Amino acid sequence: MNLSIKHLYGLEGVPKEDLTQIFDTAFSFREVLERPIKRVPTLQGKTIVNLFFENSTRTRISFELAEKRLSADTVNFSASGSSLSKGESLKDTIQNLYAMKMDAIVMRHPVPGSAKLLSQFVNAVIINAGDGTHEHPTQALLDIMSLKEKFGKIEGLNVAIVGDIRHSRVALSNIFGLKALGANVALCGPPTFIPYGVESLGVKIMYNLDEALQFADAVNLLRIQRERQGKGLIPSLREYRNLYGMTRERLENLKKPLTILHPGPINRGVEIDSDVADGDYSIILHQVLNGVAVRMAVLFLLVGGK
Ligand code: CP
């Protein structure tokens, strides 16, 4: 039942056996989420703090709900309203919270590598809820779980990740997880959105969306991370939509089924049109449900539930 990892900093280097165990556990927790009473006593007596230094809707609520479903005590911390504004450092903040006897810390932070840094300050289990442009492991786990649910297996599946790969932590975590499980991965976007040297991770690069869609069984559409990029990487949003937007017309011209994922938040009318996001091929809201189950699995396996 034990994972080889003790913390979840990212999916880089996480072995296939650990990923398989996380998904098996997550599918069991999906059944709990379908029950009238959606709660198990698994993490009773454990205390988990959710530290969010960046905005979040899905990840934050999903972690909090997963902790409550497992009967853990949860504490939520937002950077705004904390003593960080009085000059307190991240190290002092974390050490003070840990002194209150926390078993696990879930953290979202804008600095890449910040989740791993925490392990130098405290002995708690650390779970990365997104660190800058680096990794967002539980998002990739829920994406891959949703693909596993849809297709039965990941090995041999063709997955295209489309959009602003360069600024996306979701893309990197998906690449590591999908490759570990034997999927074929293509990255598609304008050249300015494709990181230099990313081919070394064993992915194909495509600059034409229609070519990527022909390749793909499933496509994961990413928003343009405007908060993380400088100006001038694309000429205009209108041109981006014309070249890389998932429109109904594009989908109809494809003449084959395609599974559409999006980690959210969606920018309707840019990377995806409303009728595609809400249409039959979209599994976006299944992803959100699987997010609670996969976070329950990660917490259970790392925090030591019974
Ligand atoms: N997918 C995701 O991380 O969404 P939030 O930023 O709303 O948490």
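**A ligand between two domains**

The shell around the ligand takes at least three residues from each of two domains, domain 1 (16–135 + 291–303) and domain 2 (137–287). Keep in mind that this is a predicted model.

Let me start with the domains. The domain assignment splits the protein chain into domain 1, which is 16–135 plus 291–303, and domain 2, which is 137–287. Their centres, taken over C-alpha atoms, are 26 Å apart. The contact between them involves 26 residues of domain 1 and 24 residues of domain 2.

Now the site. Where does the ligand sit? In the largest pocket. Which residues surround the ligand? Ser56, Thr57, Arg58 and Thr59 are there, along with Arg108. His136, Gln139, Pro263 and Gly264 complete the list.

What is the character of that shell? Six residues are polar, two are charged and one is nonpolar. Pro counts as nonpolar and Arg as charged. Gly is counted with the polar ones.

Next, the polar contacts from side chains. Thr59 places a polar side-chain atom 2.6 Å from a ligand oxygen. Arg108 has a polar side-chain atom 2.9 Å from an oxygen atom of the ligand. On Gln139, a side-chain N or O atom lies 3.0 Å from a nitrogen atom of the ligand.

How much of the ligand does the protein cover? On its own, the ligand has 260 Å² of accessible area, and the protein covers 92% of that.

To recap: the ligand sits in the largest pocket, and both domains supply residues to its shell.

Note on methods:
Residues are numbered from 1 along each chain as its sequence is written. This is a predicted model: local features need pLDDT of at least 70, side-chain atom pairs count only at pLDDT 80 or more; totals for chains, interfaces and linings use all residues. Side-chain values use heavy atoms; hydrogens and water are left out. A residue is near a molecule or strand if one of its heavy atoms lies within 4 Å of it. A polar contact is a pair of N or O atoms within 3.5 Å; within protein, one must be able to donate a hydrogen and the other to accept it, and residues adjacent in sequence count only if both atoms are side-chain atoms. Accessible areas come from the Shrake-Rupley method with a 1.4 Å probe; for residues, only the protein chains shown count as cover. On a 1 Å grid over the protein atoms alone, a cavity is a set of points where a 1.4 Å probe fits but cannot get out, and a pocket is an open set with protein on both sides within 12 Å along at least five of seven lines; lining residues have an atom within 4 Å of a point. A molecule sits in a cavity or pocket if more than half of its atoms lie within 2 Å of its grid points. Domain bounds come from an automatic or database domain assignment. Contact means heavy atoms within 4.5 Å.
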